[in-house]
Amino acid sequence: MANSSSSHAAPQMTPQPHSAEILENPLQTYLLGIIISICGNILISISLNIQKYAHVRQSQRGSKPYYTSVMWWCGVALMGVGELGNFAAYGFAPASLIAPLGCVSVIASAVISVVFLKETVRASDIVGGTLAITGTYVLVTFAPHTSTHITAHLVQYYAVSWHFLLYLFLEIVVFCILLYVYKRRNVKHIIIVMLLVALLASQTVISVKAVSGMITESIKGQLQLIYPIFYVMLVIMIATCAFQIKFLNQAMKMFDATEVVPINFVFFTASAIVAGIVFYQEFEGLALLNIFMFLFGCLLSFLGVFLIARNRPKIKQQDPNFLAMDKIPRRGHTDKVQPEATTYGSLAAKLMCNRAGQTDDS
């Protein structure tokens, strides 16, 4: 009787909080996260091309600002839905897998721009798209297929672990040094700006997965919104996203988009993978072959995105009703006055082209 009672009592023992939360992610849930992320990235690429088309059309008409266009607002709404999908995907699949799937947005954007915006297909687009698709398949196949059910107790346990505290300390030190070089020393190099964005993105990925995971668990019936750690992560998510946008806007003003897009993708993906490994321990127990093939898939995606974004032609539309000043016939002017008119005319033409290019890039 004693043995039987002890055998019945044994399963009722409470295990450690962190070990109780680490469960194998069902295949359906894992695939759901991948599908949501891919659909979200496709919606983002569609929205960007819709906004781009709205900018081009408004610049051709030259009558109203772009934000008065219904099409532009439709693109903004689609982008919101796509970003919401990416946010939700972090609650179903590992962060180290969701982040590299961002290359789907680059591939879809290139395809849409060729089909609908009539951009030319280059050999680098075909090669880059093939590499990116192959890399996506490889990293999805060999990515960690286990995840954790994110609860408030689990996030608190991870947040005070020694390896994360060491990682956070090193990240803060590097961020302060880069910010000092960027602001005080006035070193405006693209690598410095993109590293600042990547360091912020690392904390964004951690907080986004925590918030998304706790909301998912709350929907399933285990309320997590009553714990302070949820709101701490929510504040971190909002703050890091805001500063990321700030530094990205500065980078887009100083450098060309064909440089910013691939570098930002590589740095963001690398920081997200490191964050998933350090904070959520997503590579724990993963075979060495899987780790190697996963990183190889990421490398293929990086090369593909670089080839697609490299030297991408810009669509610059000029108002067809615009007439440069040097083309306006003048009467009664001497030859000494004509060079001045030509100078102002070429300046006006450059200003119009720059304005069209800015609306296209935005």
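The paragraphs below lead through this predicted model from its overall make-up to its cores, aromatic residues, loops, charged pairs and surface.

The protein contains 14 helices and two strands, and of its 362 residues, 41% are buried. Among the contacts that join residues at least 6 apart in sequence, 82% link residues that are at least 24 apart. The area that the protein exposes comes to about 19900 Å², of which carbon and sulfur atoms supply 69%.

The interior is a natural place to begin. In soluble globular proteins, nonpolar side chains tend to be buried together. In this model the largest nonpolar core has 29 residues, and the members that touch the most other members are Tyr90, Leu97, Ile98, Leu139, Phe294 and Cys298. Two or more residues of this core are contributed by each of helix 3 (27–61), helix 5 (95–98), helix 6 (103–115), helix 7 (123–142), helix 10 (190–220), helix 12 (257–278) and helix 13 (288–309). Helix 13 supplies the largest share, namely five residues. Leu139 offers a view of the packing from one position: once its neighbours within four places in sequence are set aside, Leu139 is in contact with Leu97, Pro100 and Leu101, and also with Phe294, Gly297, Cys298 and Ser301. Apart from this core lies another one, of 19 residues, and Ala159, Ala210, Val278 and Tyr280 are among them.

Tyr280 also leads into the aromatic residues. Over the whole structure, a search finds 11 aromatic pairs. One of these is formed by Tyr158 and Tyr280, whose rings are arranged edge-to-face, with 6.0 Å from centre to centre and 85° between the planes. Because Tyr158 belongs to helix 8 (residues 152–159) while Tyr280 sits in the loop between helix 12 and helix 13, this pair ties together parts of the chain that are 122 residues apart in sequence. Both partners count as buried, because the relative accessible area is 1% for Tyr158 and 3% for Tyr280, and the cut-off for a buried residue is under 20%. Tyr280 also has an aromatic partner in Phe279: the ring centres are 4.6 Å apart and the planes stand at 70°, so this pair too is edge-to-face. Phe279 has a relative accessibility of 0% and therefore counts as buried. These three residues belong to one aromatic cluster, which is formed by Tyr157, Tyr158, Phe164, Tyr167, Phe279 and Tyr280.

The loop between helix 12 and helix 13 also holds Gln281, a residue other than glycine whose phi is positive, near 50°. Gln281 counts as partly exposed because its relative accessibility is 22%. A positive phi, near 60°, is also found at Asn186, again in a residue other than glycine, and Asn186 is placed in the loop between helix 9 and helix 10.

The charged side chains can be taken next. Side chains of opposite charge can pair when their charged atoms come close. The count of salt bridges here comes to two. In one of them Asp125 is joined to Arg122, with the closest N and O atoms 2.8 Å apart, and both Asp125 and Arg122 are buried. In the other, the side chains of Lys220 and Glu217 meet with an N to O distance of 4.0 Å. Lys220 and Glu217 both lie in helix 10, where they are three residues apart, or about one turn of the helix. The two partners differ in their surroundings: Lys220 counts as exposed because its relative accessibility is 52%, whereas Glu217 is buried, with a relative accessible area of 6%.

The last stop is on the surface, where Trp162, Leu166, Phe169, Leu170, Val173 and Ile177 make a nonpolar patch of about 660 Å². Among them, Leu170 lies in helix 9, which covers residues 162–183. With a relative accessible area of 48%, Leu170 is classed as partly exposed, because the class of exposed residues begins over 50%. Leu170 can nevertheless belong to the patch, because patch residues need over 30% relative accessible area.

Terms used: Residues numbered from 1 in each chain as written. Predicted model: local features only at pLDDT ≥ 70, side-chain atom pairs only at ≥ 80, totals over all residues. Heavy atoms only, no water. Patch = residues over 30% accessible without salt bridge, like charges linked within 9 Å, V, L, I, M, F, W, Y side chains within 5 Å. Areas by Shrake-Rupley, 256 points an atom, 1.4 Å probe, with all protein chains shown as cover. Helix = DSSP H or I, 4+ residues; strand = E, 2+ residues; numbered from the N terminus. Buried < 20%, exposed > 50% of the residue type's maximum accessible area, 1.4 Å probe, protein only. Core = buried A, V, L, I, M, F, W, Y, C linked by side-chain atoms within 4.5 Å. Contact = heavy atoms within 4.5 Å. Phe/Tyr/Trp six-rings, centres within 6.5 Å; stacked < 30°, edge-to-face > 60°.
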